[in-house]
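Trainee: I should like to go through the reasoning behind the labels used for this structure. May I put my questions to you one at a time?

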Amino acid sequence: MNLIPYPQNIKINKGEFIIPNVLVLSNHLPKEETEYLKTKLKIKFQESNHRNAQIIYSKLEPSESSVNNDGFYTLTILPYQIQISSYTNQGYFLAIQTVIQLFEEFKNEKKIPALKIEDYPKFSWRGMHLDVCRHFFTVDEVKQYIDYLAMYKLNTFHWHLTDDQGWRIEIKKYPRLTQVGSKRKESMIGAYIDHTFDGKPYGPYFYTQEQIKEVVEYAKDRHITIVPEIEMPGHALAALSAYPELACTKGSFEPATEWGVFDDVFCPKDETFQFLENVLDEVIVLFPSPYIHIGGDECPKTRWKECTHCQELIKKNNLKDEHGLQSYFIQKIEKYVNSKGRKIIGWDEILEGGLAPNAAVMSWTGIKGGIEAAKSGHFAVMTPGSYCYFDHYQGDPQTEPNAFGGFTPLEKVYSYNPIPTELNEKEVKYILGVQANLWTEYILDFKHVQYMIFPRLMALSEVGWGTSDAKDYKEFEGRVINQFKRLDKMGVNYAKSIYNISGKVIPNGHGVAYELSTSQKNKRIRYTIDGTQPTINSQVYQSPIPVSKSLIIKSAYFENGELKSAISSQEFNTSKTMGKSIILEEQPSENYSFGGAFTLVDGIIGNQKQLGKTWLGFQGKDATATIDLGTKTEFSEIYFNVLENKGSWIHLAKSATVFLSDNGKDFKKVSEISKDEIQKAKGKIKINIGEQYSKYIKIKIENAGIIPAGNPGADSKAWLFIDEIGAL
């Protein structure tokens, strides 16, 4: 069966259900869900009594022994009838999603195998997020997005409605939020490092309260809960542009035209809390969700440190520091939201200074936030960037549309297990589930939204359902390709990255080799090593391609003589470190760790505009690497690149020091390069160390440390990005 997510239990029986020209439905089926079924099955229908119908439904009585009552269902396909049972209408709705997929898969054969499915989701929170602040999407597009979630049995839509770049929800008490905050004078375009703008006004774009109600009802009909996000105390520039009196300084302010994090945030004073309570009053009426997302992430403390009111508040309430003030802010908001019968959830920075008593945590910077929350008896949703950020590249960055950075292919999403191994049986119960996030800085239209979520949403679906298994990825990939037929019919612009050539650098004893693979048959890959475009007459790929000199390998997949993939291109620059053994004292951050330490000796120079596969990123940590050349080797120059992209908190290294050793224990310092020299070289470092003859090279590249005031992310840990470490 090519079902996604795959059921918990499925048994194929003898016989077949013949798909009729007219499908007879029981007149006792749940009404709204059955109307949905009718819109999805391209077939004629008629109603009949229970006994003569071809699809019937029976409601199960609640049972303490049943697994996950709300989502549990059984689906029995007999030669004469399709029988569905569940405890709730939600279970029935999940069952008909399975029915729809089965009808789609077997429509050409006109018969579905007889089978018995007993199924239920493992996690109660199976979510997708959509940022409509950086780029806006219409009501109809949001409804399409919700339909995609429903198709693959996700049940939570996290709607990111406010940020620095735009306020997207009508608040009747504060009309200037949309009059002023829903538009910006221009938008950043291209790679962030280029720092270019389109010069075109953007907006006003926002949803009226009537439109919000319409979307909420639409989601409800599909058993999807919408969790609204109103950002605080940071990411508030759009709101402060409308009501500058809520800031620590006088302003003026305007909605941000570039991406990143900004120093001006909500000031924790009475007027601000009154404003936010009034906003939340209207939000709570519009959204019946048990949880209200209050953001809480990436809040610089620069303005609070300079603000007399904030400093007095810290003293008055015996708070430790500005992180304690953030906790004070979040707890005050939580108390108000709780008084309205709702709960708050926030990004894992709400743990700073102490977690609010009843708050849930959305763990995005890694899994530590979720672990900390669960161990302290708080619920958590796991959404680590390294697995669940769908604004990352999903294929070779050279063949993909511009993306935020990172590298999160389909296989990596599928490999994720939301249950941290650090938790015991009791603590595991606090993990609500899993969610993927789609931030839209680099996503200009809905076709691009489709491209970024498909097919990764399918992997997320199965992870959330609890039937994924990393070792069965190839089998899952086959089901995904089968599902593409359905997306084709719907006109969805999904990514075909799994058809493209995937390249992996591996050591081969004499340097490195380049291993190529595709979801199809590897013997249909053709490649060149002279920089020319591959054709059907180019060399057939059979085994990893040895790289012993600087060259460019280009590859592509052909079928029946026709090019079926994008052309992948990889340049190699050989040096005396290429393919050698390397050890890192500190490991890179998970979001930017593809290939691990070997990435630094694989012969590939990183692209400064694409923070995908070829860079290692270290947040707040130095990078110290020891390379074993195997034998004593002659060289006179060490080179590496570091990156500067301050808007993304990436800073040049503070210094770099080179050490040499013959035994791997006793190292001698041979050269050091200063911050000024690194800046002068713009991060492209070449260190002349004179004629040397050594077996081991150790290089320590010092992180910039805490980001200074006046920079995006001030007071936060800087990122250090490095690529190849070479010796000549």
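Trainee: In which hand does helix 16 pass helix 17?

Mentor: The crossing of helix 16 past helix 17 is right-handed. Please bear in mind throughout that the model is predicted.

Trainee: Why are helix 16 and helix 17 called oblique to each other?

Mentor: The axes of helix 16 (residues 456-465) and helix 17 (residues 473-490) cross at roughly 125° and come within 10 Å. Angles of 65 to 115 degrees count as roughly perpendicular and those over 145 as roughly antiparallel. The crossing angle of roughly 125° fits neither class, and the pair is therefore oblique. Met458, Ala459 and Glu462 of helix 16 make the contact with Phe476, Arg479, Val480, Gln483 and Leu487 of helix 17.

Trainee: What makes helix 9 and helix 10 roughly perpendicular?

Mentor: Their axes cross at roughly 85° and come within 10 Å. Since 65 to 115 degrees is the range for roughly perpendicular, helix 9 and helix 10 are therefore given that label. On the side of helix 9 the contact is made by Cys310, Gln311, Leu313 and Ile314, and on that of helix 10 by Glu322, Leu325 and Tyr328.

Trainee: How do you know that helix 7 and helix 10 are oblique?

Mentor: Helix 7 (residues 270-286) and helix 10 (residues 322-339) have axes that cross at roughly 40° and come within 11 Å. Roughly parallel requires an angle under 35 degrees, and roughly perpendicular starts at 65. An angle of roughly 40° therefore leaves the oblique class for helix 7 and helix 10. Their crossing is right-handed. Among the residues that meet are Thr272, Phe273 and Leu276 in helix 7, and Tyr328, Phe329 and Lys332 in helix 10.

Trainee: Why is the pair of Tyr148 and Phe446 called stacked?

Mentor: Rings pair if their centres lie within 6.5 Å, and planes under 30 degrees apart count as stacked. The centres of Tyr148 and Phe446 are 6.3 Å apart with the planes at 20°, so the pair is stacked. Tyr148 is in helix 3 (residues 139-151) and Phe446 in helix 15 (residues 446-453), so the pair ties together parts that are 298 residues apart in sequence.

Trainee: What makes Tyr148 and Phe446 buried?

Mentor: Buried means under 20% relative accessible area. Tyr148 has 3% and Phe446 has 6%, so both satisfy the cut-off.

Trainee: How many aromatic pairs does the structure hold, and what makes the pair of Tyr57 and Tyr92 tilted?

Mentor: The structure holds 39 aromatic pairs. Tyr57 and Tyr92 lie 4.8 Å centre to centre, with 55° between the planes. Stacked needs under 30 degrees and edge-to-face over 60, so a pair at neither extreme counts as tilted. Tyr57 in strand 4 (residues 55-59) and Tyr92 in helix 2 (residues 89-105) are 35 residues apart, and the pair links distant parts of the chain. Tyr57, at 10% relative accessibility, is buried, and Tyr92, at 0%, is buried as well.

Trainee: How do you know that a charge sits over the ring of Tyr494?

Mentor: The charged end of Lys496 is 4.4 Å from the ring centre of Tyr494, and the distance limit is 6 Å. The label also requires the charge to be within 35 degrees of the ring normal. Likewise, Arg222 lies over the face of Tyr218, 3.6 Å from the ring centre.

Trainee: Lys110 and Lys153 each have a positive phi of about 65°. Why is Lys110 called partly exposed, and why is Lys153 called buried?

Mentor: Lys110 has a relative accessible area of 36%, and partly exposed covers the range between 20% and 50%. Lys153, at 3%, counts as buried because the cut-off is under 20%. Lys110 lies in the loop between helix 2 and strand 7 (111-119), while Lys153 is in the loop between helix 3 and strand 9 (156-160). Neither Lys110 nor Lys153 is a glycine, and most residues other than glycine have a negative phi.

Trainee: Which peptide bonds are cis?

Mentor: A cis peptide bond joins Gly203 and Pro204, with omega of about 5°. Another joins Met232 and Pro233, with omega of about -10°.

Conventions:
Residues numbered from 1 in each chain as written. Predicted model: local features only at pLDDT ≥ 70, side-chain atom pairs only at ≥ 80, totals over all residues. Heavy atoms only, no water. Phe/Tyr/Trp six-rings, centres within 6.5 Å; stacked < 30°, edge-to-face > 60°. Helix = DSSP H or I, 4+ residues; strand = E, 2+ residues; numbered from the N terminus. Buried < 20%, exposed > 50% of the residue type's maximum accessible area, 1.4 Å probe, protein only. Axes fitted to C-alpha atoms, helices over the stretch in contact; angles between N-to-C directions. Left-handed = near helix turned anticlockwise from the far one by under 90°. Contact = heavy atoms within 4.5 Å.
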